[in-house]
Amino acid sequence: MHSFFAGVLGVFLLGMASAPAQEWQDLFDGKTLDGWRPSERPGSFQVTNGMITCSGPRSHLFYVGPNGNADFRNFEFSAEVMTHHGANSGIYFHTAYQRQGWPEKGFEAQVLNVRGGEGGYIENKLTGSLYGIRNVYKALAKEDEWFVLNIRVQGKQIQIRVNDALVVDYTEPETAPDVPEHPGRRLDHGTFALQCHNAGSKVFFRHLRVQRLPDEPPGAGPAAAPLTEYEKDIIRLGAANYPIVNYHVHLKGGLTIDEALAASRQSGVFFGIAVNCGLNFQVTNDAGIYDYLHTMQGKPAFVAMQAEGREWVQMFSREAIAGFDYVFTDAMTIVDDSGRRMRLWITNEVPEIKDKEAFMEMLVDRTVKILNSEPIQIYVNPTFLPEAIASEYDRLWTEDRMDRVITAAAVHHIAIEINSRYQLPHLAFIQRAKAAGCKFTFGTNNADRDVGTLEYGFRMVREAGLHWQDFWTPKKVRGSKQPEGLADSSRRSQR
């Protein structure tokens with residue numbers, strides 16, 4: 001009874017201590033930059049047609065308020081934003097005015113709707129990213145269209161939404177992480193700033209407003225647990241521009257899309273969620289594809305097709321396939337020289353392997369044919385072997401066999417998954433694939449509700465010396481709605 005009444009009393013006192021949220025406050029009058037103070041290049045900011053236009057050399061526009069001392073701790077901020085032709089920008093919060101350079105204090109909510117940058121640099125942090133801490137890898141807003149960017153800070157929690165889609169839900173641990181090159185990324189208090197990134201960027205802001213939220217009472221809410229080494233790696237690699245994406249996630253074991261997205265936001269690993277398409281699988285025709293795509297519309301995740309078996313290329317139209325962000329397959333379902341269809345991960349479907357060398361030659365031949373003929377972007381579960389011979393992996397996967405598979409992948413620009421569930425491929429294969437110019441992706445291929453981690457992939461990054469440029473990211477063929485790789489599918493399927 002004592003603990004019950006103590007809990008009730010605590011809730012009562014918490015309610016007494018928390019003041020209600022204040023009214024929404026406009027930060028921009030639509031006519032002037034009153035209350036705003038630019039940094040080193042004031043000409044980069046203009047007011048036109050009720051908008052703040054950011055265009056010109058790098059500069060930042062700080063909100064200082066009517067009295068020059070604007071300061072916010074807990075708040076909800078909202079702005080309508082539009083980008084033009086690859087523009088890069090951002091909205092800083094908990095920051096402070098400085099005369100020049102990138103703001104040293106506070107966080108940045110990224111504004112970037114297409115990958116690109118100065119001097120050919122590809123920025124793997126898209127709109128809605130909590131820059132360098134929780135990165136978004138799929139654009140949820142389009143260029144030359146207005147979208148709403150919402151930032152909410154309450155206590156140790158930061159939430160960012162793009163057009164109402166929650167893309168970041170980050171709770172700062174008691175010891176805030178070290179973000180390379182950004183030591184000031186700490187929750188504190190401060191003001192807002194708009195970024196004019198470079199002369200080639202043109203971004204528009206309007207309807208900027210903020211609502212103050214009540215301060216948290218002392219001791220309210222549990223402190224986040226200290227970061228593990230794996231969680232530190234997520235931030236370290238993400239800040240260094242590696243795409244921290246698990247491209248091989250399934251909604252299995254009752255895992256729902258909302259639960260998967262919550263797990264993605266909590267971990268900081270962006271997800272590519274795949275549906276199995278093929279003979280005797282979840283989706284067997286175009287109608288099934290369109291139904292799945294409809295359920296995933298507007299979700300902050302990549303939408304992927306796992307092409308199953310070798311029959312899939314005749315089961316689905318190119319138009320339906322083009323609705324996915326990417327397509328992947330493996331060589332785990334094959335037909336051997338006797339015409340037997342086998343799934344290599346199912347023991348009773350694999351006949352006794354009497355001649356291991358002959359089996360490997362058959363497997364490599366089938367894998368190369370898959371890579372040469374099927375319109376895919378990622379080769380997943382790479383170099384998988386049946387249980388009966390898996391212990392001899394390093395002997396059976398000879399340099400010649402590895403190189404035949406790698407060459408086919410390189411010729412067709414097919415990325416190679418580093419699979420953490422099976423811990424495949426081994427280091428030697430990754431090193432040879434890197435030397436051949438192949439790109440890589442991370443994946444887990446979860447069999448149940450537990451999506452797993454990318455720890456094996458991160459270890460291979462270190463051991464193989466992989467750079468962020470060695471990793472693949474989805475993109476559509478220019479001027480087309482279809483994923484890269486489908487454009488030449490007719491040519492490849494005739495080989």
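**View 1. Strand β14, helix α3 and strand β15 form a right-handed β-α-β unit.** In this predicted model, the path starts with β14 at residues 245-249, passes over helix α3 at residues 257-267, and arrives at β15, which spans residues 270-277. The two strands pair in the parallel sense over 3 bridges. To find your bearings here, look for V249, which stands opposite I273 in β15. Strand β14 is mostly covered, with 5 of its 5 residues buried.

**View 2. A right-handed β-α-β unit also takes in β15, helix α4 and β16.** Now follow the chain onward from β15. Helix α4 covers residues 286-296, and strand β16 covers residues 302-307. β15 and β16 run parallel and are joined by 6 bridges. A handy landmark is I273 once again: this residue stands opposite V303 in β16.

**View 3. Strand β15 is covered on both of its faces.** Here we zoom in on the strand that takes part in both units. On one side you will find F270, G272, A274 and N276, and every one of these is buried. Turn to the other side and you meet F271, I273, V275 and C277, which are buried too. That fits the count for the strand, where 8 of 8 residues are buried. I273 is worth a second look, as this residue stands opposite V249 of β14 and opposite V303 of β16.

**View 4. C54 sits in a model that holds 0 disulfides.** As a reminder, a disulfide is a covalent bond between the sulfur atoms of two cysteines. For C54, the nearest cysteine sulfur belongs to C196 and is 5.7 Å away. A disulfide here would need the two sulfur atoms within 2.5 Å, so C54 is in none. C54 counts as buried because its relative accessibility is 2%, under the 20% cut-off. C438 likewise counts as buried, because its relative accessibility is 3%.

**View 5. Confidence is under 50 in pLDDT over residues 1-18.** Before you read too much into this stretch, note that the model gives residues 1-18 5 contacts beyond four places in sequence. Residues 489-495 also have pLDDT below 50, and that stretch has 15 contacts beyond near neighbours in sequence. For the protein chain as a whole, the mean pLDDT is 90, and 90% of the residues reach 70 or more.

Methods. Residues numbered from 1 in each chain as written. Predicted model: local features only at pLDDT ≥ 70, side-chain atom pairs only at ≥ 80, totals over all residues. Heavy atoms only, no water. Buried < 20%, exposed > 50% of the residue type's maximum accessible area, 1.4 Å probe, protein only. Helix = DSSP H or I, 4+ residues; strand = E, 2+ residues; numbered from the N terminus. Pairing = 2+ DSSP bridges. Right-handed = clockwise from strand over helix to strand, strands pointing away. pLDDT = per-residue confidence, 0-100. Contact = heavy atoms within 4.5 Å.
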